[in-house]
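Here's a quick tour to read with the viewer open. We'll take some backbone oddities, then the overall build, then what sits inside.

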Amino acid sequence: MQKKDIFERLRKGETILPNDPQAYQMREASFITKKLLLEMNNASDPEEIRKLLGQITGSAIDESVAVFTPLYINYGKHTKIGKNVFINFDCVFLDLGGITIEDNVQIAPKVSLLSEGHPTSAANREALIPKPIHIRKNAWIGANATILQGVTIGENAVVAAGSVVSKDVPDNAIVGGIPAKFIKDIQS
């Protein structure tokens, strides 16, 4: 029986061992993405940036999306971006586990969305554990924040600058710190 494609297995959350016969495909795909990123990160026309980002993600990027490059992505095909999204300079998306950014999301400079991790056990540390990141509508991710694998940022939520988010953030909440903790509810 043929094993499923490694990228499908990653999207389904399967841990990938370093000796997996398909593991080399992750690096190959990253180098293809890097070539497109070089072109995108040197472009100044917003329409050209969206077109190249669409090639990287394998999906159309709405004309309401604004991306201030540089943006760094290791794969791209597991990133989905909604409408009216703003992504500021110097963000990093590791998306083998999946990244979904819904409509009206604001992402400040130097934000890292890391949908991949590794076991803490030294013996298995080279294995890759993918878990999706989901940023729901109208969320705001502050400058230099890091969102770790498996986290959902709730609708209308705010992540304070410099935070490291390792647990889900409820709708209409402000979180901050390392690790990020609940600060207060947002009053509408």
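## Two positive phi angles

Is Asp90 buried, partly exposed or exposed? This is a predicted model, and in it Asp90 has a relative accessible area of 28%. The cut-offs are under 20% for buried and over 50% for exposed, so a residue in between is called partly exposed. That makes Asp90 partly exposed. You'll find Asp90 in the loop between β4 (86-87) and β5, and its phi is near 65°, a positive value in a residue other than glycine.

Asn104 tells a similar story. Phi of Asn104 is also near 65°, positive although the residue isn't glycine. Asn104 lies in the loop between β6 and β7 (106-107), and with 30% relative accessibility Asn104 counts as partly exposed. As background, most residues other than glycine have a negative phi, and most peptide bonds are trans.

## Two cis prolines

Now for the peptide bonds. Thr69 and Pro70 are joined by a cis peptide bond, with omega about 10°. Pro70 sits in the loop between β1 (66-67) and β2.

Further along the chain, the bond from Ile178 to Pro179 is cis too, with omega near -10°. Pro179 belongs to the loop between β17 and β18 (181-185).

## The overall build

Zooming out, the protein has three helices and 18 strands. Its C-alpha trace spans about 55 × 40 × 25 Å along the principal axes. Does 17 Å sound high, low or about right as a radius of gyration for 188 residues? A compact globule with 188 residues would come out near 16 Å, so the 17 Å of the protein agrees.

Buried residues account for 44% of the 188 residues. Of the contacts with a separation of 6 or more, 25% are between residues 24 or more positions apart. On the outside, the accessible surface is about 10000 Å², and carbon and sulfur atoms hold 54% of that. As for charge, there are 21 positive and 21 negative charges, and their mean positions lie 5 Å apart.

## What fills the inside

Which residues touch the most other members of the largest nonpolar core? They are Phe93, Ile101, Ile107, Leu113 and Ile153, out of 38 residues in that core. At least two core residues come from each of α2 (24-41), α3 (46-57), β2 (71-73), β5 (91-94), β6 (99-101), β11 (133-135) and β17 (173-176). The largest share is four residues, and α3 supplies it. There's also a second, separate core of 10 residues, with Leu10, Ala23, Ala29 and Tyr75 among them.

Ile107 is worth a click. Leaving out residues up to four places away in sequence, Ile107 touches Phe86, Ile87, Asn88, Cys91, Phe93, Ile101, Leu113 and Ile141. Three of the names from the core list turn up there: Phe93, Ile101 and Leu113.

## A stop at Val165

Last up is Val165, which sits in strand β16 (residues 164-165). With 1% relative accessibility, Val165 counts as buried. What does Val165 touch, if residues up to four places away in sequence aren't counted? The neighbours are Thr146, Ile147, Leu148, Val151, Ile153, Val159 and Ala180.

Take a look at Ala180 in particular. Val165 and Ala180 are 15 residues apart along the chain, and their C-alpha atoms are separated by 5.1 Å.

Notes:
Residues numbered from 1 in each chain as written. Predicted model: local features only at pLDDT ≥ 70, side-chain atom pairs only at ≥ 80, totals over all residues. Heavy atoms only, no water. Core = buried A, V, L, I, M, F, W, Y, C linked by side-chain atoms within 4.5 Å. Buried < 20%, exposed > 50% of the residue type's maximum accessible area, 1.4 Å probe, protein only. Contact = heavy atoms within 4.5 Å. Rg over C-alpha atoms; globule rule 2.2 N^0.38 Å. Areas by Shrake-Rupley, 256 points an atom, 1.4 Å probe, with all protein chains shown as cover. Lys, Arg positive; Asp, Glu negative; His and termini not counted. Charge placed at Lys NZ, Arg CZ, Asp CG, Glu CD.
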